[in-house]
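Trainee: I should like to go through this model and ask, for each description, on what grounds it is made.
Mentor: Please proceed; each value will be set against its definition.

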Amino acid sequence: KATLSLEDIEKVVRHYALNTPVVDVHTHLFPPSHSELMLWGIDALLTYHYLVAEYLTTASVSPEEFYKWSTTKQADSVWHHLFVDRSPLSEACQGVITTLSTLGLSSYFEKRDLNGIREWFAGQDPEKYVDLVYKIAKIRYVVMTNIPFDPLEAKYWQPTPATYNREQFRTALRIDQVLLGQWSSLGPALDSLNLPHTLEGAECYLLHWIENYTPEYFMASVPSTFQLEDISGITEPSKIIKPSGGLLLQLVILPLAKRLQLPIALKFGAVRGLNPRLCLAGDGVAVVDVSLLTKLAKDNPQVKFLVTFLSRVNQHEVTVVANKFSNVHIYGCWWYCNNPSIITELTRMRLEILGTGFTAQHSDARVLDHLIYKWQHFRTLLVDVLMPLYKQLQRNHWVITESDIKRDIERLLGGSYDEFMAKKIT
Ligand code: RAT
Ligand code: ZN
């Protein structure tokens with residue numbers, strides 16, 4: 001084997017980090033078949049909730065007033081406030097600029113010509129635009145977030161699912177309402193299938209949607225108030241009416257996950273409605289107790305857990321948990337951790353503890369075009385994180401080939417996820 005020179009290592013790492021097709025394990029995207037649910041284009045980009053939060057902290061308009069406006073008016077206002085009156089320095093603003101620039105629209109920048117940009121998007125066909133964005137961002141496939149409790153979404157799946165390109169979009173069964181034990185949503189959902197408000201009813205409901213979606217995994221945001229229950233004294237589970245989120249997880253989700261070999265993706269650390277006036281833009285972050293994950297992983301060795309944490313403070317501890325349990329797989333730098341400074345630190349730390357046994361990033365894209373900047377920004381940072389590690393190996397005479405680097409980067413960008421999903425655990 002011929003080892004690469006330091007200079008060649010740099011070239012090869014850059015090439016594969018920037019060009020390897022990725023699996024995007026968590027997004028909020030929908031295919032064109034889901035019409036209004038598919039968000040794309042400049043107005044959707046400008047009204048992304050990350051930007052709305054940034055805008056509302058300094059604009060002289062109340063959240064209530066802002067949310068009454070049309071999307072076009074909201075987008076106009078965000079553009080003027082954050083891109084014309086100020087430089088777009090934040091990561092969310094940089095994302096818009098990277099996206100437009102990559103699409104070849106930088107000629108509109110000098111005049112800050114939002115309407116010119118709008119005209120360009122108006123000329124795109126949604127189906128072809130998906131292909132274009134996938135090509136630019138080099139996406140193998142994305143996993144959607146499919147919420148059966150949302151009637152706006154459910155109508156695209158029932159009675160039979162809409163036709164879309166299943167090679168581009170895969171499904172995930174999102175069950176936040178279940179972990180919350182939110183019977184105001186669960187009740188009507190179960191009623192729609194004439195099911196009782198019991199553990200069995202909940203199981204039948206989930207089985208119905210698993211058959212409908214054929215999901216990759218269950219996904220839920222773990223509420224900061226979430227608690228496991230003491231189930232040792234429960235003799236007649238079928239008699240429990242409107243069980244809590246803890247009971248639903250312990251007596252329905254975990255057994256289903258084990259029986260069907262369906263992993264559970266858990267998201268820890270979001271504080272919903274930190275400022276409720278901001279609606280979707282109002283969620284915050286909290287440091288959480290990682291021992292809940294450890295307990296779940298230890299007590300359920302035959303269930304796979306995909307996990308991500310929102311607080312930077314939790315990252316080191318959870319990486320150690322993933323280093324101890326083969327049924328725990330870390331994915332992505334989530335939301336408030338999806339900033340270059342934190343991505344760099346997190347990815348380096350994870351590599352140092354886990355090698356390539358994790359999924360380095362997910363986009364969390366809500367707008368199709370997000371795939372462009374979120375992946376471009378991450379890929380560039382990955383080059384800088386990997387370089388010193390390969391250089392150190394090379395200095396110590398470890399033979400490094402192009403195919404080694406290709407293999408490692410493929411793992412970080414989706415291969416480790418595929419391996420985790422496919423492996424047998426006992
Ligand atoms: O990042 C986001 O867009 C958040 O609003 C959340 O949706 C988060 O990613 C989640 O899936 O809970
Ligand atoms: Zn998300």
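Trainee: What span should the 15 residues of α16 have at 1.5 Å a residue, and how far apart are its end C-alpha atoms?
Mentor: The expected span of a helix is 1.5 Å times one less than its number of residues. For α16 that gives 21 Å, and its end C-alpha atoms lie 20 Å apart, so the two agree. Helices (H or I, at least four residues) and strands (E, at least two) are DSSP runs numbered from the N terminus. As to conventions, this is a predicted model, in which local features need pLDDT of at least 70 and side-chain atom pairs count only at pLDDT 80 or more, while totals for chains, interfaces and linings use all residues. Residues are numbered from 1 along each chain as its sequence is written, chains are lettered from A and ligands numbered from 1 in the order in which they are written, and side-chain values use heavy atoms, with hydrogens and water left out.

Trainee: Which residues of α16 are called buried, and what covers them?
Mentor: Buried means under 20% relative accessible area, exposed over 50%, and partly exposed in between, with a 1.4 Å probe and protein chains only. In α16 the buried residues are I342, I343, L346, T347, M349, R350, L351 and L354. Their cover includes α15 (315–324), β10, α17 and α18 (402–422). After α16 comes G355, which has a positive phi near 60°.

Trainee: How does the reach of helix α5 compare with the span expected at 1.5 Å a residue?
Mentor: Helix α5 (residues 71–84) has 14 residues and reaches 18 Å from first to last C-alpha, close to the expected 20 Å. Its buried residues are Q74, A75, S77, V78, W79, H81, L82 and F83. They pack against α2 (42–46), α3 (49–58), α4 (63–68), α6 (91–102) and α7 (114–122).

Trainee: What makes certain residues donors of the zinc ion (ligand 2)?
Mentor: Donors are N, O and S atoms within 2.8 Å of the metal (3.2 Å for Na, K and Ca); water is not among the atoms, so sites may look incomplete. H26 (NE2), H28 (NE2) and D364 (OD) lie 2.0 to 2.2 Å from the zinc ion, and they are its protein donors. Their spacing in sequence is H-x1-H-x335-D. H26 is in the loop between β1 (22–24) and α2, and D364 is in the loop between α16 (340–354) and α17 (370–395), so this pair ties together parts 338 residues apart in sequence.

Trainee: Why are H26 and D364 called buried?
Mentor: The relative accessible area of H26 is 0%, so H26 is buried. D364 has 6%, and is therefore buried.

Trainee: What makes a space a pocket, and what is the volume of the largest pocket?
Mentor: On a 1 Å grid over the protein atoms alone, a pocket is an open set of points with protein on both sides within 12 Å along at least five of seven lines, whereas a cavity is a set where a 1.4 Å probe fits but cannot get out; lining residues have an atom within 4 Å of a point. The largest pocket has a volume of about 1,300 Å³. Its lining comprises 45 residues, of which H28, H49, I147, L280 and R366 lie nearest its centre. α3 gives the most to this lining, with three residues.

Trainee: What is known of the second largest pocket and the residues nearest its centre?
Mentor: The second largest pocket holds about 320 Å³ of space. It is lined by 20 residues, with Y50, A53, A92, W335 and Y336 nearest its centre. The largest share of that lining, four residues, comes from α3.

Trainee: What is the phi of W335, and is W335 buried or exposed?
Mentor: W335 has a positive phi of about 55° although it is not a glycine. It is found in the loop between β10 (328–330) and α16. With a relative accessible area of 9%, W335 is therefore buried.

Trainee: Why is S35 called partly exposed?
Mentor: S35 has 41% relative accessibility, so it counts as partly exposed. S35 lies in the loop between β1 and α2, and has a positive phi of about 25° without being a glycine.

Notes
Contact means heavy atoms within 4.5 Å. Grid points are joined across faces, edges and corners, and a volume is the space filled by probe spheres set on the points.
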